[in-house]
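Please open the model in your viewer and keep the selection panel at hand. The tour below goes from stop to stop, saying what to select and what is to be found there.

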Amino acid sequence: TRDETDETETLDNFELRYNRQVTDKLSLGGSGFYTFLDVIAYDGGSQANIPLGDLEVWGLEFEAEYKSDKYKLLFSHGWTEMQSFELENDSVSSQVISASPYGYGDDLAHWANHISKIYGEYYINPKWTAMASVVYYWEYPGAEDYAEYNNEVLMADNITRTEGSDQAFEESIFMNLGLEYKYSNQLRLQLQAHNVLGWLDEDLNKRNYMFLMDTYRNEAPSVSLTVEYKF
């Protein structure tokens, strides 16, 4: 069921950013942001999209880039904090943003508060380039809070959604590796391995589900070959 409404979801975002070229090889950057969102989203009780309330989020991000003749390294770390989330209607018993309106925690349910990223390229020679990337989602405290709310309130008279496992709330780490061969300006071949840490521990590549906050699926490791030819 979908509600028809004349209201629209509005977003006000303010960001302050600073960049500095420290040397000819090293550059740094930092930013802070504040976001106010007038939320229209899915209400589990009415099973419809309705105006939910007001969401305030702020955060900080740091970036660094180092480039030389042989390699390039990029690093970033972002910290996101939910300032507040107020529902317009107290009858809304479930949504997918946060359990904070119900007195459980003060974090976003589907977002890691800290996210770190690393990307690197190594230029073996003019033809060959090796590359690697890692995205590290630290933890999901908001998902753990919502799972507790699910168990103690929404599912109080039914089967609880957890059996003591907290794996879904722990870190997720996605690592890709690649090797590129540039035959000419027109022809490029790239071999990539995706989600390689899943070969060591499949739970490192997990993606959490909405609503079922302590349930997740694992991204499968894979290999791809790309052939690109420019006419």
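Strands, as the word is used on this tour, are DSSP runs of type E with at least two residues, and they are numbered from the N terminus. The model is a predicted one, and every value that follows is to be read in that light.

**The second largest pocket**

Begin by selecting strand 9, residues 206-208, which gives the most to the lining of the second largest pocket, with 3 residues. To show the whole lining, add Ala109, His110, Trp111, Ala112, Tyr137, Tyr140 and Ala143 to Lys206, Arg207 and Asn208. The space enclosed in this second largest pocket comes to about 190 Å³, and its lining residues divide into 6 nonpolar, 2 polar and 2 charged.

**Helix 1**

Keep strand 9 displayed and select helix 1, residues 141-154, whose 14 residues reach 19 Å from the first C-alpha to the last, close to the 20 Å expected at 1.5 Å a residue. Which residues of helix 1 are buried? Colour Gly142, Ala143, Asp145, Tyr146, Ala147, Tyr149, Asn150 and Asn151, for these are the buried ones, and the buried residues of the helix pack against strand 9. Ala143, one of those buried residues, also belongs to the lining of the second largest pocket.

**The largest pocket**

Move next to the largest pocket, which has a volume of about 410 Å³. Of the 22 residues that line this pocket, the closest to its centre are Phe33, Glu61, Thr80, Trp111 and Ile115, and these make a convenient selection. For the wider setting, show strand 1 (10-21), strand 2 (26-43), strand 3 (48-67), strand 4 and strand 5, each of which supplies at least two residues of the lining. By residue class, the lining of the largest pocket divides into 11 nonpolar, 6 polar and 5 charged. Trp111 is listed among the residues closest to the centre of the largest pocket, and Trp111 is also in the lining of the second largest pocket.

**Threonine 35 and glutamate 63**

Within strand 2, select threonine 35, which counts as buried because its relative accessibility is 15%, below the 20% limit for that class. The side chain of threonine 35 is joined to that of asparagine 13 by a polar contact of 2.4 Å. Beyond residues up to four places away in sequence, threonine 35 touches Leu11, Asp12, Asn13, Leu55, Glu56 and Val57.

In strand 3, select glutamate 63, which at 27% relative accessibility counts as partly exposed. A polar contact of 2.9 Å joins its side chain to that of arginine 17, and Arg17 appears, with Ser27, Leu28, Gly29, Phe75 and Ser76, among the residues that glutamate 63 touches when those up to four places away in sequence are not counted. If you then centre on aspartate 203, you will be 140 residues away from glutamate 63 in sequence and 28 Å away in space, C-alpha to C-alpha.

**Three loops**

Select valine 22, in the loop between strand 1 and strand 2, where a relative accessibility of 38% makes this residue partly exposed. Valine 22 touches Ser27 and Leu28, leaving aside residues up to four places away in sequence, and both Ser27 and Leu28 are also touched by glutamate 63. From valine 22 to tryptophan 111 the C-alpha atoms are 32 Å apart in space, with the two positions 89 residues apart in sequence numbering.

Proline 101, in the loop between strand 4 (71-87) and strand 5 (114-123), is partly exposed, with a relative accessible area of 30%. Its contacts, not counting residues up to four places away in sequence, are Phe85 and Leu87.

In the loop between strand 8 (187-194) and strand 9, select asparagine 195. Most residues other than glycine have a negative phi, whereas the phi of asparagine 195 is positive, near 55°. At 12% relative accessibility, asparagine 195 counts as buried.

**Last stop: alanine 130**

Finish with alanine 130 in strand 6, residues 128-137. Is alanine 130 buried or partly exposed? At 25% relative accessibility, alanine 130 counts as partly exposed. Alanine 130 touches Gly120, Glu121, Tyr122, Ile124, Gly178 and Leu179, residues up to four places away in sequence not being counted, and its C-alpha lies 8.3 Å from that of glycine 120, which is 10 residues away in sequence.

Key: Residues are numbered from 1 along each chain as its sequence is written. This is a predicted model: local features need pLDDT of at least 70, side-chain atom pairs count only at pLDDT 80 or more; totals for chains, interfaces and linings use all residues. Side-chain values use heavy atoms; hydrogens and water are left out. Helices (H or I, at least four residues) and strands (E, at least two) are DSSP runs, numbered from the N terminus. The expected span of a helix is 1.5 Å times one less than its number of residues. Buried means under 20% relative accessible area, exposed over 50%, partly exposed in between (1.4 Å probe, protein chains only). Contact means heavy atoms within 4.5 Å. On a 1 Å grid over the protein atoms alone, a cavity is a set of points where a 1.4 Å probe fits but cannot get out, and a pocket is an open set with protein on both sides within 12 Å along at least five of seven lines; lining residues have an atom within 4 Å of a point. Grid points are joined across faces, edges and corners, and a volume is the space filled by probe spheres set on the points. Ala, Val, Leu, Ile, Met, Phe, Trp, Tyr, Cys and Pro count as nonpolar, Asp, Glu, Lys and Arg as charged, and the others, Gly among them, as polar. A polar contact is a pair of N or O atoms within 3.5 Å; within protein, one must be able to donate a hydrogen and the other to accept it, and residues adjacent in sequence count only if both atoms are side-chain atoms.
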